[in-house]
Amino acid sequence: MPKKLKSRTLTVFLLKDGLKDPAEILKHSDTLTEFPVLIAGKATGALFVQPTDDRQPSWLILFQGSIEIDPAIVRNASSAAVWLVEIAGKTLALTFGYGRNLLKPGTYEEDFGLRITLNAVDPNKIKAIDRMTLDAVAQQTRIQAIRDASMSEFGLDVEQDLLRAVTGVPVDPALGHRFTGRDALQVTIPIELAKIPDLLASLLAEFAKDDFKARFPWIEQIHEIDDLVKKAELDLELIGKLRSKVLDGVWLAVPEMVDWEVIDGFRYRSSKKAPIHPDIHALTFLEEVGDPAEIDEYSLKRRYHLTAIANDNDVVVKQWPVYRCFYCEVTIGGDTFLLNNARWFRIATDFVQRINEAVEKIGEDTVAMPPYQDKSEPAYSKRIAEASGGLYALMDFRLIGSSSLPNRIEFCDLYSSSQQIVHLKRYSSSSALSHLFAQGVVSAKLFLNEVDFRRELNGVLPASHRLADPLPKPSAGDFEVVFGIISKSKKKLVLPFFSRVNLKNAHSNLTGMGFKVSVCKIPSAAD
């Protein structure tokens, strides 16, 4: 009876074409020990091993003086090795222990493991996914099913969720019992060394297929760039635009939600003598920092900072590297790339076109809002309500409860007697604008579907704006949700791409409930 083989988990990377020299692939290759690998007397690549670092674990210090123990019997040993092997003209790296850390950044193909997994697994036997949600609050989550499931059962939003990794069961058991794929492929399989080259050849064949595009046509819509070499190339595109002052597709935005009421303005330089600007703009930044020709990667990521200054003193409220505040859209060779919150993404061109076309169809509000010339959104809302002659009711900071939510929420910022539900936000990051659109959807859903929410809302509305009867479900078509975005730009309002995606989805949700939806650009006249 043949001996049952032990199941092993192999981690496999595909190296970029042209990389064969270990010195180009491995960090500190001269410190590694090289062992030629022989299979059936034939040279099959080489194993590079890092000397084991044997040391006392740091937690043992906690017990000093309280226990008597020989430190020699409690040791940490970290091993790391990489097997470089050429199969069918391609070089692959199999890593063992901490071997992944031996690979130089940018030497391996992105999404190699994810592509193989999507091609090879049974689409109804997916066990787990890792996703990043490009929403108001960017979240990275792992969802693990208690049974084999299809991709649709994981609740992915294909326009807002970035698929990072997938675990599933291959259709062909000869490929292994389980795959987990991202940049690397982790394959669990009972195998002996002599069979691994054949397995690698089969994996390369799976990688070459395009089956995943038919099964999961949305998979290549959004892709985060992890390759350091590619990111450096894209950073040069941004730097080139800044040096030449060609700012189409480039702007600055506060990279996170801030309390605008406590902020006086922003400085581009650390000196207290530097002027404070009420808002941030790429051209203003360039004018203040001096010669644009001196802008480089170091200055964007390390030297220049955007500083938010408190309005009642000169205290720093927040500070960010200016690189994190830049938004950039560039097209290279037919591909669209976006820089958002210091992360580069590749976006499928047809996806960009589809989103842009959908957003273009969203109507502009027919009621022009007065210019913004205030210190904060709440101050603007209060001023507009007081000057409206009863048209607008101030709803900012009026929190309404719901049994279906863990916390109370604002219904809106302003509510008009003509039944416009107005949500306001200063133009800033994707996350802040996405929060605006999410707020509009949540409050509209509660207003439409929950009697208790409408009853409590009626209690805070002035008599002139109250529902005649909060008990029956209102007719959504009688109400308009207005997203008012405050912008100092004289040009047509252009949102960051991920905000466009969220606006498109919010519009679909709201119109699906029956509401009218519009977007209003509010000009900023603030000094």
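**A walk through two sheets, some cysteines and a buried asparagine**

Start by selecting asparagine 340 and arginine 343: asparagine 340 stands opposite arginine 343, which belongs to strand E18. Bear in mind as you go that this is a predicted model.

Now widen the selection to residues 335-340, strand E17, and residues 343-347, strand E18. These two strands run antiparallel and are joined by five bridges.

Zoom out to the sheet they sit in. You're looking at an open sheet of five strands with antiparallel pairing, in the order E11-E18-E17-E16-E12. Which strands are at the edges? Colour 222-224 (strand E11) and 250-252 (strand E12): these are the edge strands, each pairing on one side only. Going from one strand to the next, the twist averages 20°.

Next, select residues 497-513 to bring up helix H13. The helix lies across E11, E16 (326-332), E17 and E18, and runs at about 90° to E16.

Time for the cysteines. How many disulfides does the structure hold? Zero, so don't bother hunting for one: a disulfide would need a pair of cysteine sulfur atoms within 2.5 Å. Click on cysteine 328, which is in no disulfide; the nearest cysteine sulfur belongs to cysteine 325 and is 14 Å away. Cysteine 328 is buried, with a relative accessible area of 0%. Then jump to cysteine 520, also in no disulfide, where the nearest cysteine sulfur is that of cysteine 412, 14 Å away. Is cysteine 520 buried or exposed? Buried, with a relative accessible area of 5%.

For the next stop, show helix H2 (residues 112-120) and pick out asparagine 119 within that helix. Asparagine 119 counts as buried because its relative accessibility is 3%, and the cut-off for buried is under 20%. Turn on the side chain and follow where it goes: the side chain of asparagine 119 reaches the backbone oxygen of glutamate 206 at 2.8 Å. Beyond neighbours within four places in sequence, asparagine 119 is in contact with Glu206, Phe207, Lys209, Asp210, Asp211, Phe212 and Arg215, so display those too, contact here being heavy atoms within 4.5 Å.

Last stop: another open sheet, this one of three strands in the order E13-E14-E15, paired antiparallel. Select 263-267 for strand E13 and 316-321 for strand E15, the edge strands, each of which pairs on one side only. On average, neighbouring strands of this sheet are turned by 15° against each other, direction ignored. Add residues 305-310 to see strand E14, which pairs with E13 in the antiparallel sense over four bridges. To finish, select arginine 267 and its bridge partner in E14, threonine 307.

How values were computed: Residues numbered from 1 in each chain as written. Predicted model: local features only at pLDDT ≥ 70, side-chain atom pairs only at ≥ 80, totals over all residues. Heavy atoms only, no water. Pairing = 2+ DSSP bridges. Axes fitted to C-alpha atoms, helices over the stretch in contact; angles between N-to-C directions. Buried < 20%, exposed > 50% of the residue type's maximum accessible area, 1.4 Å probe, protein only. Polar contact = N/O pair within 3.5 Å; in protein donor to acceptor, adjacent residues only side chain to side chain.
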